[in-house]
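This briefing goes through one protein model by topic. Please keep the sequence and the structure open while reading.

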Amino acid sequence: MKRYRCAVELAVDVIGGKWKPVILSHLKEGVHRYGELRRRLPGVSEKMLTQHLRELEADGLVLRESRESREGRVPHVEYRLTEEGERLRPALEALYDWGTRRAADRGIAFEPLPIH
């Protein structure tokens, strides 16, 4: 088992990186299908998104559910936060608030999310 020297080191090991916090932030808003996440994260490759979703699922933060679609079409997959993932909500909201304030202080504009 990996050893850590502090709790922040463990947290960053689990949710760190460029995309995991962003994925978790979108999932904190509710259930998303894979395609919805892809559209919300245009800068991440499909390979990286899939890899990060699998890692977050393995770490017990994200639940992947396959749903049968209507009329015999291919089933679709939905992602949601687990109970453990929901415990990150205050930290994700704090990161969002901090980023919003920093953007305002520095005159940084956010690109709108694609609408599909």
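Gly 30 comes just after H2 and has a positive phi of about 140 degrees. The model is a predicted one. H2 itself is largely enclosed by the rest of the structure, because 7 of its 9 residues are buried.

**Helix H2**
- The buried residues of H2 are Lys 20, Ile 23, Leu 24, Ser 25, His 26, Leu 27 and Lys 28.
- Helix H2 spans residues 20-28 and is among the elements that cover the buried residues of H4.

**Overall layout**
- The protein has 6 helices and 3 strands.
- Read from the N terminus, the order of elements is α-α-β-α-α-β-β-α-α.
- Along the principal axes, the C-alpha atoms of the protein fill a box of roughly 50 × 45 × 25 Å.
- The protein has 116 residues, and 27% of them count as buried.
- Among contacts in the protein with a separation of 6 or more, 46% are between residues 24 or more positions apart.
- The protein has an accessible surface of about 8,600 Å², and carbon and sulfur atoms account for 53% of this surface.

**Helix H4**
- H4 covers residues 46-58, which makes 13 residues.
- From its first C-alpha to its last, H4 reaches 18 Å, close to the 18 Å expected at 1.5 Å a residue.
- Leu 49, His 52, Leu 53 and Leu 56 are the buried residues of H4.
- These buried residues lie on the same side of H4, because they cover an arc of only 100 degrees around the axis.
- Lys 47, Arg 54 and Ala 58 are exposed, on the face of H4 turned away from its buried side.
- The cover over the buried residues of H4 includes helices H1 (7-15), H2 (20-28) and H3 (34-40), as well as strands S2 (62-67) and S3 (76-81).
- Gly 60 follows H4 and has a positive phi, near 80 degrees.

**His 52**
- His 52 is located in helix H4.
- His 52 counts as buried because its relative accessibility is 11%, and the cut-off for buried is under 20%.
- With residues up to four places away in sequence not counted, His 52 touches Trp 19, Lys 20 and Ile 23.
- Of these contacts, Lys 20 and Ile 23 are themselves buried residues of H2.

**Strands**
- S3 is mostly covered, with 5 of its 6 residues buried.
- S1 (residues 32-33) and S3 run antiparallel and are joined by 2 bridges.
- Arg 33 has Glu 78 in S3 as its bridge partner.
- S2 and S3 also run antiparallel, and 6 bridges join them.
- Val 62 has Leu 81 in S3 as its bridge partner.

**Nonpolar core**
- The largest nonpolar core contains 19 residues.
- The residues with the most contacts inside this core are Ile 23, Leu 24, Leu 27, Leu 49, Leu 61, Val 62 and Tyr 79.
- At least two residues of this core come from each of H1, H2, H4 and S3.
- Leu 61, setting aside its neighbours within four places in sequence, is in contact with Val 14, Ile 15, Leu 24, Leu 56, Arg 80, Leu 81, Thr 82, Glu 84, Gly 85 and Leu 88.
- One of these contacts, Leu 56, is a buried residue of H4, and another, Leu 24, is a buried residue of H2.
- Leu 81, also in contact with Leu 61, is the bridge partner of Val 62 in S3.

Methods: Residues numbered from 1 in each chain as written. Predicted model: local features only at pLDDT ≥ 70, side-chain atom pairs only at ≥ 80, totals over all residues. Heavy atoms only, no water. Helix = DSSP H or I, 4+ residues; strand = E, 2+ residues; numbered from the N terminus. Expected span 1.5 Å × (residues − 1). Buried < 20%, exposed > 50% of the residue type's maximum accessible area, 1.4 Å probe, protein only. Arc of directions from axis to C-beta. Contact = heavy atoms within 4.5 Å. Pairing = 2+ DSSP bridges. Areas by Shrake-Rupley, 256 points an atom, 1.4 Å probe, with all protein chains shown as cover. Core = buried A, V, L, I, M, F, W, Y, C linked by side-chain atoms within 4.5 Å.
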